[in-house]
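Biologist: Hello! I am new to this one, so could you walk me through it?

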Amino acid sequence: MPTLIAAGEFKAKCLALLDEVHDNHMEIVITKRGKPVARLVPMKAAKPRSAFGWMKGTGEIIGDIFSTGEKWNCCEDV
């Protein structure tokens with residue numbers, strides 16, 4: 001069951017409540033005039049991203065990938 005706290009009290013104790021939610025993995029519901037308006041929950045640990053494939057789909061091929069765009073005169077008769 002989450003802890004209920006009035007918005008005014010939350011405002012006065014915000015930093016301490018953030019630490020408490022983080023340390024105790026608890027949930028706090030913030031109320032305004034007795035009605036719930038927000039929920040403070042601990043963050044889930046983010047999975048570390050793999051070094052492989054993180055840029056997949058971000059590249060774009062423009063033009064001929066086998067050509068340098070330069071014309072060579074290597075096979076002309078001298």
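**A tour from strand 2 outwards**

Modeller: Gladly, and let us begin in the middle: strand 2 has 4 of its 5 residues buried (under 20% relative accessible area, with over 50% called exposed and partly exposed in between, using a 1.4 Å probe and protein chains only), so the rest of the structure largely encloses this strand. The chain passes from strand 1 through helix 1 to strand 2 in a right-handed β-α-β crossover, meaning that the path from the first strand over the helix to the second runs clockwise when the strands point away from the viewer. Please keep in mind that this is a predicted model, where local features need pLDDT of at least 70 and side-chain atom pairs count only at pLDDT 80 or more, while totals for chains, interfaces and linings use all residues. Residues are numbered from 1 along each chain as its sequence is written, and side-chain values use heavy atoms, leaving out hydrogens and water.

Biologist: In what order do the elements of the chain run from the N terminus on?

Modeller: The chain has 1 helix and 3 strands, which are DSSP runs numbered from the N terminus (H or I for helices, at least four residues; E for strands, at least two). Read from the N terminus, the elements follow the order β-α-β-β.

Biologist: What is the order of the strands in the open sheet?

Modeller: Strand 1 and strand 2 run parallel and are joined by 4 bridges, where pairing requires that DSSP finds at least two bridges between two strands. Strand 2 and strand 3 are antiparallel, with 5 bridges. The pairing in this open sheet of 3 strands is therefore mixed, and the order is 1-2-3.

Biologist: Which strands stand at the edges of that sheet?

Modeller: Each edge strand has a single partner strand, so one of its sides has no neighbour in the sheet. The strands in that position are strand 1 (3-6) and strand 3 (35-40).

Biologist: At about what angle to strand 1 does helix 1 run?

Modeller: Helix 1 covers residues 7-24 and lies across strand 1, strand 2 and strand 3. Axes here are lines fitted to C-alpha atoms, for helices over the stretch in contact, and angles run from 0 to 180 degrees between N-to-C directions. For helix 1 against strand 1 the angle is about 140°.

Biologist: Is threonine 31 buried or exposed?

Modeller: Threonine 31 belongs to strand 2 (residues 28-32). On one side alanine 6 stands opposite threonine 31, and in strand 3 its bridge partner is proline 36. Threonine 31 also touches residues including Leu4, Ile5 and Val37, not counting residues up to four places away in sequence, with contact meaning heavy atoms within 4.5 Å. With a relative accessible area of 11%, threonine 31 is buried.

Biologist: Which residue in the turn of the hairpin has a positive phi?

Modeller: Strand 2 and strand 3 form this hairpin, with 2 residues between them. The residue in question is exposed at a relative accessible area of 79%, and its phi is positive, about 55°, although it is not a glycine. It is arginine 33.

Biologist: And where does histidine 25 lie?

Modeller: Histidine 25 is a residue other than glycine with a positive phi, near 50°. At 62% relative accessibility, histidine 25 counts as exposed. Its place is the loop between helix 1 and strand 2.

Biologist: What is the radius of gyration of the chain?

Modeller: The C-alpha trace spans about 95 × 25 × 20 Å along its principal axes, and 13% of the 78 residues count as buried. The globule rule (2.2 Å times the number of residues to the power 0.38) gives 12 Å for 78 residues. The chain is well over that, so it is more spread out than a compact globule. Taken over C-alpha atoms, its radius of gyration is 29 Å.
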